[in-house]
Amino acid sequence: MSVLKATGLTKYYGKFRGIENVNLTLNEGERLGFIGQNGAGKSTFIRTALGYLSPNSGSVEIFGKNIYENREEILADVGYMSSECLFYKGMKVKEVISFSAKLRKKDCSKEAKNLCDRLELDTSKKVEQLSLGNRKKLGIVCAIQHNPKLYFFDEPTSGLDPVMQKTFFDILEEKSRQGAAILLSSHILGEIGRFCTGAAVIRDGNIIAYDTIENFSKAGYKIIKLFNVDDIQKVCSINGVFNPYVEGQNLYVSFRGDIKAFMSGISQVGFNDILISDTDFEEAVMQYYYAKEAQQR
């Protein structure tokens, strides 16, 4: 069942692009990684999808209902953690958690205690006494304690130590197994590759790649390193070679195509050794980042 469906979603800030014609669907139990460079439109999409920003065009349905017509009802069953995690000064952690629960008109005390224990969050401290990591923990508790059916997380793990990162993803995996859908925006490709079931890459406000993690990893790229190459330009001119990177006389290239044709192409080029490896998820996604840099050059 579709939990989130964005169709043709477009948001401009005056003349400046936010997102354009974004189409995205998230089903029950799915965990979608949302990837893009700074300014690509990740946060704009999340805030527009939640109804915090009004779109210029397009629509968003959550739980089968229009977010802009049923916002209060829908958000009662949504968890959202922004990248900033700002709270009212002077309040203690336990007061922020209680206040968040009261806004949803729910008794979340049992789940809140469980989350605080697992995340090792001291509820007696005031928010201004918290480190970045502990502010993130507080944001996680507020987003999860009411057990919603849909979660939006915007850079949730920055500031968390590795143990707490694992605990956080353990908690989310449990919620996913119970049927909750999760959209996770992150710059850390490794955690998306390990945790998410699918990924969407956004660039300049547009979704340019959208697939399962498995299919990203099977994109057909190979990463090739040639040591002490005599004719770098000749290698780079071979059909199927892209994203060349030169380090001294060593050459790194990505390659898509018939590897036998590549080997034939380099047969007349002098080099000392060659290393060929298949692409993993992180490397596959990085091709979209490199393509952007190439356009700018």
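**View 1. Gly51 follows helix H1.** Just after H1, Gly51 adopts a positive phi of about 85°. Helices (H or I, at least four residues) and strands (E, at least two) are DSSP runs, numbered from the N terminus. This is a predicted model, in which local features need pLDDT of at least 70, side-chain atom pairs count only at pLDDT 80 or more, and totals for chains, interfaces and linings use all residues. Residues are numbered from 1 along each chain as its sequence is written, and side-chain values use heavy atoms, with hydrogens and water left out.

**View 2. Helix H1 is largely enclosed by the rest of the structure.** H1 spans residues 42–49, and 6 of its 8 residues are buried (under 20% relative accessible area, 1.4 Å probe, protein chains only). The buried residues are Lys42, Thr44, Phe45, Ile46, Thr48 and Ala49. H1 lies across E1, E2 and strand E4 (57–62). H1 runs at about 115° to E1 (axes are lines fitted to C-alpha atoms, for helices over the stretch in contact, meaning heavy atoms within 4.5 Å; angles run from 0 to 180 degrees between N-to-C directions).

**View 3. Four strands form an open sheet.** The order is E2-E1-E4-E5, with antiparallel pairing (two strands pair if DSSP finds at least two bridges between them). Strand E2 (16–27) and strand E5 (65–66) stand at the edges, each with a single partner strand, so one side of each lacks a neighbour in the sheet.

**View 4. Strands E1 and E2 run antiparallel.** E1 covers residues 2–13, and 8 bridges join E1 to E2. Tyr13 stands opposite Phe16 in E2.

Conventions:
Buried < 20%, exposed > 50% of the residue type's maximum accessible area, 1.4 Å probe, protein only.
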